[in-house]
Structure formats: structure tokens, C-alpha cells
Amino acid sequence: MTIENFKFFLEPFVIEPKGKHVLMYGENGSGKSSIYWAAYTHFQSCLKQTNDAGKYFKKDHSDNLVNLYDTRNRRSGIEIEFVKPETLQTRSYTDGSWAINTNADDFVRLSTFASDFMNYKFLSAIFDFKNSRPVDLFKIFEDEIFPFIPLGAPRYDLDGTVTSETSVEQWWRYIESCYYTTGVLNRRSSGGVFVHDEKWQAYQNLIADFNRRLQNLLTDIANEANTKLREQKMPVSVKLTLEKVQFDKKVPFSTRSYDGDFYPPQIILTAQLLDSNGNPVSPMEIKHPRSFFNEAKLTRMALALRLAIFDRKYQGDDCAKVIFVDDLLISLDMSNRLMVVRELLNYANRYQMFIFTHDRTFYDLIHDSIAQRNASNEWCYYEMYAIDEQVSVGQIPEPWIKMKQDYMQQARSFFSDYEYHASANSLRKECEKQLLRLFPHNWTIFPKADGTVSVLNLNGLDQKLNQFYERFGTERIFTPNIDQYRSRILNPASHNDSKAKVFRSELILAIDEISQFEKINKLRLSDENNVSTREFVMEMNDGSKHVIIEFVPLEEWYKLEYEGNVYYEDIEVKVSSHTGFNPGTDIIKVRKLWKDVCRFMGYTDFAVFPPMETLIRDKNTGVLLRDLLVV
Amino acid sequence: MFFIFRIRILEKYLQGFYFKYSKKSMADLQGVKRTITEMALVCTEKQFADLCAADANMLKKEYVRLDIKQVRGGLCGGVAIGELQPDSVAVVPLDCSAHYLSFLLCSLPGQLLLFGQKFNVLAKTTINKKIVSTLTVFDVAKESEEAYAMADSLREAIHNFHHEKTDDLDYQRLYGLIADLCDVLALELYAHPLFEEKGIFILENWKALLAKDTTKDKITMALTALTDSSSPLRNEIMKAHILVQDVNDYIKK
């Protein structure tokens, strides 16, 4: 994306993620929201007439968004290049003072309807209502949602002519304009009362059509949101009810008088509590959710609705599918943010994501969540700052962007610049980071004398590395020389020991070995919620002997994937029942249990033991350990 | 022989009636454009009554009943058997299914054609045999006809539920989904070159869905496909809503 002379950017500013997702931290006033709005303006331009789309780039237009410091009447605009990853075919579209071609074909239009722009407004809209008032979401839908959703039929004029306008926003604008534009509807000359002629009837029909279609759309969204809430085991369902657009209502207690007024619609959010079977606890709807639910539940409901709207969008493969998120969570506390981040990142495998934030803590939260998903390689990380006009070259505020590298990237970068100590220092941090990721959490901390808990450093972590590999039953050590590198390179570098030489050749080997950690995929089979509850069955049957052992895990259960091989964690389990073989104890390590059963069945050579993951299955679903989906 | 016999019966009651039926290429997916009178008999109440009097079997055959007084937002007609209700026009199919004709007449293009390429803007508009007789329809391959007819029969089935549950938002929504499917299928039929140019294939995806599992409950199957975000049918319909903007030139008498 190239942004030129638009909002904060005077000089051409290029961001080129090369197909990766983008996580950007930008301090306030650095221009990160300008990137968000540039993308928004570009995408939306295909829905507008050329004049309307171009007004943002004309300095003499009151709605222009040209940089304030442009004194030379430069050109202003946004160019976006889309690349199809399979074929590397590129398409470029411009929305600017020199050209607008986002309507040249259907690509940008489809991409606009398939993509989404999310900011804090929708989520905070739920919270913005006084406890006593119903939650009316019409305004937020009008501003944020309607432009990008088709209503399901082309709009028609009052004389019945079909137009090319299909979005909810276009329908709604027309309906409003019919009422507020003089001369469209006929009034009696006497006092402005509307004549109930064909036009009046046509207007009422148009409004009825709009109401019906919009209610269907809202029901669709609410149903999708409720599906999400059910998946999260939230005992609540939401409902969106349209208080319909009305025009020229009959005056109460009158047979022939009409009020001539226009009543805009409302989109009322209500909720119902559900029991464990998913049925409403009471037929009464909760009309004031703000009074009834805490922030966490309200956040989940709002997020479910917002994502439901997104999920209802076009999902074809013939366009770009992008999510832009700008400071989505500024109104939420940390625990709610974590929940929202997890939901958002679930879309990363289907959409290209651009997440912008001015909150460093939130940035780190997303960064860590991505790392936990072993997806760091799929993201570009940026930091953006504003250079004050007093120090900038051009004496005007300028953006400054830096691509944030992870420790391994830093290590390689320093190495290329012959900064070996710095490289070794980054390598140490990378090593620590990876071990903290891979080890069970309780392995990574230690209690201090003052009663607090601290995280182990590399020395402490390194001592447990062999134990870690043993725990996953891998005979091969993926990183056999870490201890050497720790003592010869990584420690001296971090202690700023200038007398210790860091040899280039040794550093190369250390970089190569430590980079192996990145390739280790740690996947969770069973989480903390399933400890002591989720039942597994180990079964072997050779016709003469039939062993069935049921057990529950006493710890979270993980597996490692590395270079095409899978290694299962040797966790402690509790045997709940056994047939055909007595393990001798209730609490046992799962690998010992497996080996004992195999020996009992007559296997003597470990090399030919049937794999453990083909003998154990989830008791409830019957799915083998080998095929269990990770959580 | 039966066909010629039918013509003789009809000629007794309908003066100046003439039609020609010609085979079309199976490769012509859009079908051959015809006036409706080449594919069906359009009858007033009296004419239909006379038809039934002459041939008792008429009362057992499906035909399309159109409401003379159209109501905005409601289904303008549907497939019927037996006596014709008052204030109706009967469209009796000759060599196609009643549901196919109903599909054409009750969908968006049919409605546009009925009212001079304008949406029916009035709450109640009177139509009559003369107006209906000038409509243009498509004579399509049997396989396609069956697929269109199935869409219409599902629409009618849900409408019968909806009709009694006007306050039920879920039923309204389900009816809206099926009605939308019928409208877009019909639009594709009339504006086939435009849909092809845009790479939108509604009928193809609809047929693929129907062929998927012939034992499954069709309504459930259709509604699932129309609500599942990843469903090709649903996405093709959305694509039509996003891209297809000017169909007027294609929907003409």
C-alpha cells in the first residue's frame, strides 16, 4: 500500500507486508490510524461515483483529507497492489487525485464486501447506553455496517424503476431523502399534509420492503451470533429486533388523520438467559442488557454480534479478504481483551489481518498470543512514531516506521553487520523465549526467598532441557549443543564480557541450532479444564488377551511436532478402571502404562511396540490420540 | 395423438389460439425465449371453468393461480389443483411443470414483466389475462426445469408456514432466503449473458446441491446451504447481489 499526501502522510509512504499479516504499534499521532483510513477510503471508493470518491484528494473540497502541510498542490492518493499468492499475478488499484480505477473491474467491489474494518465503536456502543434505556444499535449499524452489506435486492425508485443500488446504506439514504426532499412526496397545498396518492403508496411499499429485508438480515446476524455464543458455552442468546421505519402514521383515536411524520428505525438488542440445554430460562427477554450483565458477558455478546456480521459477508475466492482492526479494545479491561484477541486471531488462517493499536500492552498481548500459536512467521511487526516538526528534516511532522524483528531476526541481522556480541545477546534472548514457550509453566518459575516468584533465566532453563526431551520420549536431541553455546557464547555476551571472544564460526552454528526451536510445534491435546475429567481408553486385543484401561489425565497434555515426527508428552494419569490387566497402581505415567501393557501382550522389542497414539482414544468421541484435534 | 386431441378441445373454447413448439439445443442453457401462451393456457375464471367442464381431468392437474389483486410483499400466486379461486387467473401448463411456471411468474423478473418493467408499486394492482398472456418465459431443458420447479415448491412450502406465522422472525427469514434464491435463479435465467460475464453460476450450484443427497429433506438441505457462510451457493447468490446491477435490458417482453 502506498499513501501519498493523505492525512498524516505528505511524502509517499509504503507498507509492504508481502502477504503476511500486520501487527502495528503506533503512538498517538504517529499516523497509524491514517493507514487504517487510507485503506478504508480506498476500498469504499468503488461504491461511490467518481466525484464523490475523489473529493478526499481535492484540496479545495471541504471534505478533503489532503495533508495539512501540502503547499505545492501535490497529487494525493492511495495505491494498493494485490497479489495472488499461487500465481503471483498482481493487480493495482488507485484512488487519488490523478486517477480512480477501483471500479475498473469487479475485484475491489468484491473485496470490499468480503473485507471488514473494525474499530472500538461497535463494541463500545453496547456500553454507551444508560442502564434504563434500551440498547439501540441503529446508529452504529448505519455508520459502520450498512455501507458494506447488500440488502438482498436492488433498490427501486418510487415510480418502480429498478436501480443499481444494493447496499443497505443506499436503500436507507434513498428512503430518508424521499421524505426530506421537497417535492418528492405530494402534500396538500393547505397545510403540508401528505396526499395519499400513488407516490405515497409507493413510498409506504418501499419502506415495508426495506423493513422486511432489514429484519431478515438482523435475524440472520443474531442467529450467527448465537451460534458463536453457544460454541463458547455462554448461557445467553441475543436478539436484534427492528423497530420499523414508519411514515405518516395514523393519529391515535382518529379515523382519517395522519401525523405526516417520519420515524427512523431502531435496532434493539435484547437477550435471554439459557439453561444447560440451551432453552430460555424465562420467556421474558432482558430488555436492558446493560443492567443485567457484567462487562465480560456484554463484551462477549457484542463481539459475537460483530463477528457474526463479518461472518455473513461474501467468502468467495476471487477477491482479497482483509480485516483491518484499529484500536478495537480501548474500552475493555485486560481479561476481556485476551478473549477478544483469541477470537480475532482465529480468522488469521482465512483472512489477511492488519491490527493497529496505540496501546503497548495490547500490542504485546497480541504478539504473545501469536507466538503461542506458533504463527510468528506469518506476521510482520511494526512500530510507528511521529517525528516532531522541530527535529524532522522537512520541519513538518513526519511518520517513522520500524519493522520490529524478533530476537532470531535480530541475531541474524547483527551477525550480518559483524556485531557478534549483539548477535549472541539476541540469540540468548531467543533461546530463553523458546524454552519458556516449550517448557511446562511450572518448570519456568522458582520461588524467591521473599515469597515472590521469578522466571528462570537461560542457565536455569537449560538445566531442564534434557528432561524436557525425555518427557516427550524423543531419543534424539534436537539441540544437542545448547549447553556449550550457553557457556561459551550466550552467557559472556549477556554479561558484557568483552574479554570473551565470540567466534564467527561458532556463532553460525549456535544460530543454526537455536533456530531449530522455532521448528518445534507444541500442540495441546487436552487443556487444564479436562484435568481429572476427560476420559481416555487404552485398548489392546490380540484375540487371546484383551486389555482395556480407562484413565484421566492429571496434567495438560501436549505433543510436539518436529520435522514430520510427532512426540507425545509423558504425563501422569489416574487409572479409573482396568480389564484384562492390572497396572498395579492408580497414578502412573502414561508411557509406562503403555509399555507395561505392550509387554503384557507379549511384545518384547520396544522398537515394534504398537504406537501409543494408536492405542489410546478419547472415551467420549472415540477419536484416537493420533487424530485428536488440538485445542 | 393426445397432444392433437388437447388442441381440438382447447380450440373449441379459445378463439384465435395458436402456438408453435420447437425443439431447442440442449447446449442452450438459457433456453428458448417464448411468450407464455406458447407454453401454457392463460384462462380467466370462466374459461378455466369451461375447461374443467370439458375435461374432468383438469381438476386433478396442477396449474398456476395468480392473484388478480397483487399485494406488495406477498406471494402473487402459486400452484393449485382443483377449482380456481375467485379473483384469479389460471395459467395451465402445456408441456412443462406448474411449479416451473410458478417459479417464473412469482420471481422478480416475472414481476417486473407483469408490471411493465417496474416494480409493483401499488398495494393492490389488478392484473388480468391479457397482461399475463404477453409475458416472456424461457423453455429450458428438463433437468433445469426440475431444478427451478424444486426451488419454487420449497418457496411455496415455507410460505404456507410463514403465512400463519407472520410474527415469527425466523420463519420470515427462512422464507426470505428461499424467495431470494428463486429471484436470483430467475435473474440468471433472464440475464444469463451478464451472469456469465461476471462468473456467477447459481443454477449450476443449485443443481449440484440437489444432486448431492437425494434422500435428504430438501428444505433442510436448501436452508442449510443458504445460511452456511462457506456454502458455494450462498456465496454465488451474494456475489450476484454485489455485482449484478443493471438487469433491465435483459428483462424485456
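**Exercise 1. The contact between the domains of chain B**

Task: In this predicted model, determine how many residues of domain 1 of chain B are in contact with domain 2 of chain B, and describe the side of domain 1 that takes part.

Solution.
Step 1. Locate the domains: domain 1 of chain B comprises 1-17 + 31-139, and domain 2 comprises 141-253.
Step 2. Count the residues on each side, taking two residues to be in contact if their C-beta atoms, placed from the backbone, lie within 7 Å. Domain 1 of chain B contributes 20 residues, and these meet 17 residues of domain 2 of chain B.
Step 3. Identify the elements on the domain 1 side. At least two residues each are supplied by β5 (77-81), α3 (98-106), α4 (108-114) and β8 (136-139) of chain B.
Step 4. Classify the residues of this side of domain 1 of chain B: 11 are nonpolar, 9 are polar and no residue is charged.

**Exercise 2. The contact between chains A and B**

Task: State which element gives the largest share of the side of chain A that touches chain B.

Solution.
Step 1. Establish the numbers: 32 residues of chain A and 27 residues of chain B form the contact.
Step 2. List the elements of chain A that give two or more residues to this side; they are α3 (107-114) and α7 (198-231).
Step 3. Select the largest share, which belongs to α7(A) with 11 residues.
Step 4. Describe the composition of the side of chain A that touches chain B: 10 nonpolar, 12 polar and 10 charged residues.

**Exercise 3. The buried side of a helix**

Task: Explain why the buried residues of α6(A) lie on the same side of the helix.

Solution.
Step 1. Describe the helix. Helix α6 of chain A (residues 168-180) has 13 residues, and from its first C-alpha to its last it reaches 18 Å, close to the 18 Å expected at 1.5 Å a residue.
Step 2. Name the buried residues of α6(A), which are Val168(A), Trp171(A), Trp172(A) and Ile175(A).
Step 3. Consider their directions. These residues lie on the same side of α6(A) because they cover an arc of only 95° around the axis.
Step 4. Recall the general rule: an α-helix has 3.6 residues a turn, so residues three or four places apart point the same way.
Step 5. Examine the face of α6(A) turned away from the buried side, where the exposed residues Ser177(A) and Tyr180(A) are found.
Step 6. Identify the cover: the elements over the buried residues of α6(A) include α5 (138-145) and α7 of chain A.

**Exercise 4. Chain B as a whole**

Task: Determine how many helices and strands chain B has, and what percentage of its residues count as buried.

Solution.
Step 1. Count the elements: chain B has 11 helices and 8 strands.
Step 2. Read the burial: 42% of the 253 residues of chain B count as buried.

Methods. Residues are numbered from 1 along each chain as its sequence is written. Chains are lettered from A and ligands numbered from 1 in the order in which they are written. This is a predicted model: local features need pLDDT of at least 70, side-chain atom pairs count only at pLDDT 80 or more; totals for chains, interfaces and linings use all residues. Domain bounds come from an automatic or database domain assignment. Helices (H or I, at least four residues) and strands (E, at least two) are DSSP runs, numbered from the N terminus. Ala, Val, Leu, Ile, Met, Phe, Trp, Tyr, Cys and Pro count as nonpolar, Asp, Glu, Lys and Arg as charged, and the others, Gly among them, as polar. The expected span of a helix is 1.5 Å times one less than its number of residues. A residue is buried if 20 or more other C-beta atoms lie within 10 Å of its own, exposed if 12 or fewer, and partly exposed in between; C-beta atoms are placed from the backbone. The arc is that of the directions from the helix axis to the C-beta atoms.
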